[in-house]
Amino acid sequence: MSTRMVEVRAKVMKQNDLLARALRERFRKEGTCVVGLVSSPGSGKTAFLEKLLAGLAVDSRVAALVGDLATENDAARLRRATPNVRQITTGTVCHLDAQMVEKALESWQLDRIDFLFIENVGNLVCPSSYDLGEELRFVLLSATEGEDKPLKYPTIFNSSDVAIITKMDLAQAAEFDLAAARRNIESVRPGMQVFEVSAKTGAGMQAVFDLLHAQLARARQPQLAATR
Amino acid sequence: MHELSIAISMIDQILEESDSRGGLDVEVVHLRLGVFSGVDKDALSFAYELACEGSALEGSRLEIETVPLVIYCAVCQKDRTPPSVYQLSCPDCGSPGQKIVTGKEIEVASLEIVA
């Protein structure tokens, strides 16, 4: 019995990538600025997102999708800031994928949403392989986790666009070495923008709001040009 | 561990490929896996075997070729291998490498089939 080789060259993530690309095009067309949030469990994603939603809701229309293995707890917390929150319960799956996002968006009118946040399952490994169609991906690192997290999880940091260092109000108590953390982020994702925030005190949040408003303005510019 | 999800997508793709060619008797699957893909090689091998059970690929073997991390150095204007996966800089001039050339692949390269 002989064997022969068949060339395939098939990207395993193709289906997810195609769907993510379609979502990205849809978000751009509708003028929605979509931001993904990834981090380890307990790094303060939900507290940060609560602050983001509340701050942006003052003059913008906001919405959020939150992924967790189980419970609706996060969605309930976020609904204090906006009713437009949907929980994606993944069961045993450790990450969100583009299909879950597409399904969760059902019946939402994106053209009535300025900012949509997608909070991934707390996990620094698996979400890095799945594009969700977001325009920006924030990776969160809390001051209490230690400054070497970026070196331990280079893939997720590299697949993200912006790093947010959370719980800065606890930095001193945790003896967090901010300079080392910044150096480590730069090492795995050269040129990455880094923000230091405390969702508790609100310190540093304004810079993130400014970044998001600038991103939204940029996203809508070509549309303005097209309608002129 | 998302390797099981990845293994299932992979098997679906191979079966699709097989169907489009009138059904292949696959003996070996050659996969190219980047060190920066976020997928663990051993976990994927384990998941592949589990996910194959009961499918037309049951009994097939998965061979994984590891693809190294290569970045483009804008200063040297060359592809370079960084010192490690957590230090994305040029080993010669030390400049940070923002562009990844290889290392993120999760790709079925070829199939060995019984002729």
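## Exercises on a predicted two-chain model

Arg4(A) stands opposite Ile113(B) in E6(B). Keep that pair in mind while you work through this predicted model; the predictor gives the complex an ipTM of 0.87 and a pTM of 0.92.

**Exercise 1.** Work out which strand of chain B joins E1(A), and in which sense the two run.

*Solution.* Start from the pair above: Ile113(B), facing Arg4(A), sits in E6(B). Next, look along the two strands: E1(A) and E6(B) are joined by 7 bridges and run antiparallel. As a reminder, strands of a sheet pair through backbone hydrogen bonds, in either a parallel or an antiparallel way.

**Exercise 2.** Find what else E6(B) pairs with inside chain B, then follow the chain onward from that partner.

*Solution.* Step one: E6 (residues 106–114) of chain B pairs with E1 (residues 26–34) of chain B, antiparallel, over 7 bridges. You can check this at His30(B), which has Ser110(B) opposite it in E6(B). Step two: E1(B) is also joined by 7 bridges to E2 (residues 61–67) of chain B, and these two run parallel. Here Leu33(B) has Thr66(B) as its bridge partner in E2(B). Step three: add helix H2 (residues 41–52) of chain B, and E1(B), H2 and E2(B) give you a right-handed β-α-β unit. As for confidence, chain B has a mean pLDDT of 95, with 100% of its residues at 70 or more.

**Exercise 3.** Describe what each chain brings to the contact, and which element of chain A gives the most.

*Solution.* Count residues: 29 come from chain A and 31 from chain B. On the chain A side, strand E1 (3–11), helix H6 (154–158) and helix H7 (178–188) each supply at least two residues. E1(A) gives the most, with 9 residues. Sort the chain A side by character and you get 15 nonpolar, 10 polar and 4 charged residues.

**Exercise 4.** Lay out the open sheet of chain A and say which strands stand at its edges.

*Solution.* Read off the order: E4-E3-E5-E2-E6-E7-E8, 7 strands with parallel pairing. E4 (85–89) and E8 (193–196) of chain A stand at the edges with a single partner strand each, so one side of each has no neighbour in the sheet. From one strand to the next, the twist averages 20°. Now zoom in: E2 (residues 33–38) and E5 (residues 115–119) of chain A run parallel, joined by 5 bridges, and Cys33(A) has Phe115(A) as its bridge partner in E5(A). Finally, helix H2 (residues 45–56) of chain A packs on the sheet, touching E2, E3, E5, E6 and E7 of chain A, and its direction makes about 175° with that of E5(A).

Technical notes
Residues are numbered from 1 along each chain as its sequence is written. Chains are lettered from A and ligands numbered from 1 in the order in which they are written. This is a predicted model: local features need pLDDT of at least 70, side-chain atom pairs count only at pLDDT 80 or more; totals for chains, interfaces and linings use all residues. pLDDT is the predictor's confidence in each residue, from 0 to 100. Two strands pair if DSSP finds at least two bridges between them. Helices (H or I, at least four residues) and strands (E, at least two) are DSSP runs, numbered from the N terminus. A crossover is right-handed if, with the strands pointing away from the viewer, the path from the first strand over the helix to the second runs clockwise. Axes are lines fitted to C-alpha atoms, for helices over the stretch in contact, and angles run from 0 to 180 degrees between N-to-C directions. Two residues are in contact if their C-beta atoms, placed from the backbone, lie within 7 Å. Ala, Val, Leu, Ile, Met, Phe, Trp, Tyr, Cys and Pro count as nonpolar, Asp, Glu, Lys and Arg as charged, and the others, Gly among them, as polar.
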